[in-house]
Amino acid sequence: MHESVWRKGVSVIIAFAKATTTTLEVEKSVLTGLARIEQLVGDNPDRKLQTIMHYVNKENLKEVHKRQEIRKAKGVDRMGKEEYGEKLDENLTDLLGRMRRFQYRPQPVRRTYIPKEGSNKVRPLGIPAYEDKLVQGVMAEILSVIYEPKFYDFSFGFRAGRDQHQAIQYLDDKLMGATSWVVDADIKGFFDNVDHKWMIRFLEHEIEDKNFIRYVGRFLKAGIMEEGKYINTELGVPQGGLISPVLANVYLHYVMDDWFEKVVKKRLNGKGSMVRYADDAVFCFQYESEARKFYEALKLRLAKFGLEISEDKTKIGKFGRYAGGEAEKFDFLGFTFITGKTRSGKYTVIKVTSQKKLKVKKQKAKIWLRENMHIPKEELIKKLNRKLQGHYNYYGLSHNTKRMYDFYFYVVKQLKKTLDRRSQKGYMSWEKFNRILEYNPVVKPKITRPLWSR
């Protein structure tokens, strides 16, 4: 197996998606002609699409080009939006000509490293060549239009109009029902180990356009360039690619989602459900025996498609209204899920910031304050408040006030230490610090997402 190039694959894709406005999660935009594909899929859901490559045309490529941000990191071609746009029509005409002659080959993704959130370590980040971004951007939207009607409601990652809070709410609803056992599954190095042959076979379920499939295959095998050294990619999805999120969803749709819905659920005597965000999945069961049988079946199922359970991160736990003192905790999307009771004594699901994520967030805040210590204090606190508000917007769920205040007090303490370093004496009295906060208050935690309607 090739050298691991994306050990924390999902975090890299999310980071790249946030940095680029072309992903469907950031912005849903139907390019010219894609409405026709949507209509064909809706009218004939079982029919394979035969001619879709022609939607990778000049008009659609221009639209994707418009969405690119200026001054973004460049790939091996050292080409950015401004340079490519100087001769946009000429460049796109040349690109499309090469594509028609099958002379277009995606360039290797340039691999660089960025600081890992909340630590002194680094993680790899892939940067595709500029025109590869454009082609991937159009192809990703084509794939999304085709597969969106086929994806299940319990799949949330990298889909337009769906986010992490919706996935949390979906899981919360299932845990409030007949769930008594939970399988918290972690796939080891998913994005590194996607099997290319299976990926192509899955796409061929819905797409008969051999040219489109051919170019997907070329993107899968484009490789990686690091410090002048080429690294072959026999497994995995394109590192940092705009097409990677939808390809990942297609792969897990067939490997996991469809199998669970059409095979596993039909064999259960009790209730069963699942929720998935990218490669992070939680399965809910009514009976312990069925949860344990499923866990063993899941290992075999994943192995068939070149994937493996991370056994040290996957666990089966008792959970739900009948779990009592035996209830276990589990983490999902940065929250720890705990069985609890309301003030009136009724069963509820409590969701608090996970200790692991809280530690990471604290470390990240500490590093950020240190890096920005020379900014005027008014501007420093203003920028800090924007970051804190983002934290509260995500973690501001009912029952999570204590963990949010834990983070708030830590940040305030680190802010004082930062201002201490700026003082000529190397220390600022609490009296002076409090006066600064009186005129430049640090925003306090607030519940931004009260309990959802049951």
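User: Why is tyrosine 277 called buried?
Analyst: In this predicted model, tyrosine 277 has a relative accessible area of 6%. Buried means under 20%, so tyrosine 277 meets the condition.

User: What makes phenylalanine 158 and tyrosine 277 an aromatic pair, and why is the pair called tilted?
Analyst: The centres of the two rings are 6.3 Å apart, and rings pair if their centres lie within 6.5 Å. The planes of phenylalanine 158 and tyrosine 277 make an angle of 45°. Stacked needs under 30 degrees and edge-to-face over 60, so this pair falls into the remaining class, tilted. By this rule the count of aromatic pairs in the model comes to 31.

User: Why is the pair of phenylalanine 158 and tyrosine 277 said to tie together parts that are apart in sequence?
Analyst: Phenylalanine 158 belongs to the loop between helix H6 (130–147) and helix H7 (164–175), whereas tyrosine 277 belongs to strand S6 (residues 272–277). The parts are 119 residues apart in sequence, so the ring pair ties them together.

User: Is phenylalanine 158 buried or exposed, and how do you know?
Analyst: Its relative accessible area is 9%. With the cut-off for buried at under 20%, phenylalanine 158 counts as buried.

User: Which residues are linked into a cluster by ring pairs?
Analyst: The cluster consists of Phe190, Phe191, Trp198, Phe202, Tyr251, Tyr254 and Phe305.

User: What makes arginine 162 a charge over a ring?
Analyst: The charged end of arginine 162 is 5.0 Å from the centre of the phenylalanine 156 ring. The distance condition is within 6 Å of the ring centre, and arginine 162 is listed as sitting over that ring. Lysine 416 is a further case: it lies over the face of tryptophan 430, at 5.0 Å from the ring centre.

User: How do you know that the buried residues of helix H15 are on the same side?
Analyst: Helix H15 (residues 430–439) has Phe433, Ile436 and Leu437 as its buried residues. They cover an arc of only 95° around the axis, and therefore lie on the same side of H15. The face turned away from that buried side carries the exposed residues Glu431, Glu438 and Tyr439. The buried residues of H15 pack against H13 and H14.

User: Why are the buried residues of helix H3 said to line one face?
Analyst: In H3 (residues 58–67) the buried residues are Asn60, Leu61, Val64, His65 and Arg67. Seen down the axis of H3, they fall within an arc of 160°, so they line one face of the helix. On the face turned away from the buried side, H3 carries the exposed residues Glu59 and Lys66. Its buried residues pack against helix H4 (81–86), helix H5 (88–100) and H6.

User: What is noted about phi of leucine 333, and where does this residue lie?
Analyst: Leucine 333 has a positive phi of about 55° although it is not a glycine. The residue lies in the loop between strand S9 (330–332) and strand S10 (335–341). At 12% relative accessibility, set against the limit of under 20%, leucine 333 counts as buried.

User: Why is histidine 399 called partly exposed?
Analyst: Its relative accessible area is 35%. Buried requires under 20% and exposed over 50%, so histidine 399 falls in between. Its phi, near 80°, is a positive value in a residue other than glycine. Histidine 399 is placed in the loop between helix H13 (377–395) and helix H14 (401–422).

User: How do you know that histidine 391 counts as buried, and what is it in contact with?
Analyst: Histidine 391, found in helix H13, has 6% relative accessibility and thus counts as buried. Leaving aside neighbours within four places in sequence, histidine 391 is in contact with Lys361, Gly396 and Phe407.

User: What makes phenylalanine 335 a buried residue, and how far from isoleucine 168 is it in space?
Analyst: Phenylalanine 335, in strand S10, has 0% relative accessibility and counts as buried. Phenylalanine 335 and isoleucine 168 are 167 residues apart in sequence, with 8.8 Å from C-alpha to C-alpha. Beyond neighbours within four places in sequence, the contacts of phenylalanine 335 include Ile168, Lys351, Tyr394 and Asn400.

User: How many cavities are there of 30 Å³ or more, and what lines the second largest?
Analyst: The count comes to eight. The second largest cavity has a volume of about 70 Å³. It is lined by 13 residues, of which Gly223, Thr233, Val237, Pro238 and Gln239 lie nearest its centre.

Definitions and conventions
Residues numbered from 1 in each chain as written. Predicted model: local features only at pLDDT ≥ 70, side-chain atom pairs only at ≥ 80, totals over all residues. Heavy atoms only, no water. Helix = DSSP H or I, 4+ residues; strand = E, 2+ residues; numbered from the N terminus. Buried < 20%, exposed > 50% of the residue type's maximum accessible area, 1.4 Å probe, protein only. Phe/Tyr/Trp six-rings, centres within 6.5 Å; stacked < 30°, edge-to-face > 60°. Lys NZ or Arg CZ within 6 Å of the ring centre and 35° of its normal. Arc of directions from axis to C-beta. Contact = heavy atoms within 4.5 Å. 1 Å grid on protein atoms, 1.4 Å probe; cavity = no way out; pocket = protein on both sides within 12 Å on 5 of 7 lines; lining within 4 Å. Points joined across faces, edges and corners; volume = space filled by probe spheres on them.
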